[in-house]
Amino acid sequence: MPNFAKIHNAEDLRRAAAAYLPAPILDFIDGGAEDETSVRNNRAVFERVRFRPRTLVDVETRSIAATLLGKPAAAPIGIAPMGGLSNFAPAAELAMARACEAAGIPYCLSTAAGISIEDLRRAVPGARLWYQLYVFQDDAVNDGIVRRAQDAGYDAMIVTTDTHMGPKRERDRRNGFALTLERSPRNVARVLARPRWVWDVLIRAGLPGMPNLAAHAPEATGNLAATKYFIANRRRAFDVAQLRALRRVWKGKLLVKGVLRADEAVQVLEAGADGIVMSNHGGRNLDGAAAPLQMLPEVADAVGGRMHVLIDSGFRRGTDIVKALALGAEGVLLGRPAAYAVAAGGEAGVAHLIGLTKDEIDRTLGYLGCTTVDQLGRDHVLLDHASPGRNEPGL
Ligand code: FNR
C-alpha cells in the first residue's frame with residue numbers, strides 16, 4: 001500500500017501504479033490511438049480555459065453536492081466505465097464501486113467487466129450503479145444484458161457508440177496486449193519484474209474474462225475467448241433507429257457515450273434518450289478527435305437544459321471539472337485516474353483519489369466566489385481567443 005500522505009494528485013497515483021503494474025498493462029491504461037494526439041490534446045485544452053474569479057463574496061459555507069441524472073450525488077463526478085480492470089488489481093470493479101458508494105457518487109460498470117452484473121449489485125446493495133453497454137452483432141446478447149441490468153436495479157444505461165471500429169493502439173500492438181498478454185520472452189521478463197502483481201492478480205485472483213458477455217455468448221468464456229469475441233462481434237450498424245428501440249426497452253435513464261457534435265446530441269434527444277456522455281474515449285479510438293471540452297459550449301447551447309450532459313476525457317484535477325461545469329456539463333466521469341488509483345491501492349486508492357478531487361473542486365469553487373456548483377456559469381471562464389466582454393464558444 002503506498003503512503004497516501006505523499007500522494008497529492010492523479011500523476012502521483014500513476015507513479016504508484018507504475019511501481020505495481022507490468023509495463024504492458026500500464027501502457028494499456030496510458031495509451032491512445034495512433035500518434036496519441038487526442039490524448040495530448042485532451043489535456044492541452046484545459047490550459048486554454050482560464051478562470052474569472054470573484055473574491056468579495058462570503059464563501060465560508062460551501063457545498064459541492066450535485067444532481068446527476070436527476071438524483072443527488074455528493075459531488076459532480078462519477079467513475080467512467082473501464083474494461084480490463086481485472087488486469088489492474090484483484091476485484092477492481094468491486095473496489096471502485098465500494099469507494100464510490102462510500103463517497104456518495106455513481107459507479108459505471110463496463111460490458112467488459114470481470115464481475116457479473118448481479119454479483120456487483122449484491123456486494124454493494126446501497127451503491128448507485130450505472131451500466132455501460134457495448135452493442136454486439138447478436139441481439140440475444142444485447143437484450144439479455146440489458147434485461148439483467150434492469151432487473152438488478154442499475155439506474156442508468158450508457159450505450160457507447162464510439163468504439164464500433166477496432167481502435168489502432170500501437171503500444172498494445174507492440175506489446176502483444178489485447179486484454180491478454182502474448183507470452184513473449186520480453187513480456188515474461190516484464191511481468192516477472194512485478195512479483196506483487198503476479199501474486200495478487202495472476203495467482204490469487206486470476207483473470208476472470210467477461211462474465212456478463214459469456215452468460216449470453218458461451219463462446220466468449222474465459223479471458224482469451226472473451227477478447228476474441230469482443231473484437232469479432234462489434235456492431236457497426238447501431239444507428240438512431242436502434243437507439244429508439246433500446247429506448248423502448250430500457251426503463252431507466254438512457255445516455256449515449258461518445259457524442260461530440262451538437263447535431264448528434266440533438267438526434268439523441270429526439271430519439272428519446274435522456275442524455276449524452278461527451279467523450280473521445282480518452283483519445284483511445286479516433287486519433288485527432290476534438291477534445292470533448294472543445295465541443296462542450298456548442299453542445300450545451302444546442303441541448304443544454306433539455307438533456308443530461310456528462311463529459312469525460314482528460315480530466316485530472318478539480319479545476320478541470322469546474323471548467324466543464326462552468327461551460328455547461330452536469331457532471332464529469334473520471335477514467336484513467338481511477339485505473340491508476342485502483343492499481344496503486346485498491347479501494348483505499350480510489351477513495352483517496354475521490355477525496356483529493358472533491359477537495360480540489362471545493363477549493364476552486366471558493367476561489368471563484370461560488371458556494372454551490374449550480375452557481376457556476378460561463379461568466380466564470382475566459383476562453384482562448386475571447387476577450388472578457390465577448391466570451392464566445394470556440395476554444
Ligand atoms: C476505457 N474506456 C471505456 N469506455 C467504455 O465505454 N467502455 C469500456 O469498457 C472502456 N474501457 C476502458 C478501459 C481503460 C483502461 C480506459 C483508460 C478507458 C473509456 C473511459 O470510459 C473514458 O471515456 C476515458 O477513460 C476518459 O478519458 P480519461 O479520463 O481516461 O482521460
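**Exercise 1. Find the polar contacts of the ligand with D312, Q132 and R336 in this predicted model.**

Solution, step by step:
- Start at D312: an N or O atom in the side chain of D312 lies 2.7 Å from an oxygen atom of the ligand.
- Move to Q132, where a side-chain N or O atom is 3.1 Å from a nitrogen atom of the ligand.
- Finish at R336. Here the partner is a polar backbone atom, 2.9 Å from an oxygen atom of the ligand.
- Check each distance against the cut-off: a polar contact needs a pair of N or O atoms within 3.5 Å.

**Exercise 2. Work out how the protein surrounds the ligand.**

Solution, step by step:
- Taken alone, the ligand exposes 600 Å², and the protein buries 98% of that.
- Count the neighbours: 21 residues surround the ligand, and the closest are P81, S110, T160, D312 and G314.
- Sort that shell by type, and you get 6 nonpolar, 10 polar and 5 charged residues.

**Exercise 3. Place the ligand in a pocket and describe the lining.**

Solution, step by step:
- The ligand sits in the largest pocket, which holds about 880 Å³ of space.
- Of the 40 residues lining this pocket, F28, P167, R169, H281 and R284 are the closest to its centre.
- Elements giving two or more residues to this lining include α2 (23-30), α7 (170-175) and α16 (336-368).
- By type, the lining of the largest pocket divides into 19 nonpolar, 12 polar and 9 charged residues.

**Exercise 4. Describe the second largest pocket.**

Solution, step by step:
- Its volume is about 680 Å³.
- The lining has 34 residues, with T160, T161, D162, T163 and H164 closest to the centre.
- α12 (240-249), β8 (253-259) and α13 (262-270) each supply at least two lining residues.

Note on methods
Residues numbered from 1 in each chain as written. Predicted model: local features only at pLDDT ≥ 70, side-chain atom pairs only at ≥ 80, totals over all residues. Heavy atoms only, no water. 1 Å grid on protein atoms, 1.4 Å probe; cavity = no way out; pocket = protein on both sides within 12 Å on 5 of 7 lines; lining within 4 Å. Points joined across faces, edges and corners; volume = space filled by probe spheres on them. Helix = DSSP H or I, 4+ residues; strand = E, 2+ residues; numbered from the N terminus. Nonpolar A, V, L, I, M, F, W, Y, C, P; charged D, E, K, R; others polar. Near = heavy atom within 4 Å. Polar contact = N/O pair within 3.5 Å; in protein donor to acceptor, adjacent residues only side chain to side chain. Areas by Shrake-Rupley, 256 points an atom, 1.4 Å probe, with all protein chains shown as cover. Sits in = over half its atoms within 2 Å of the grid points.
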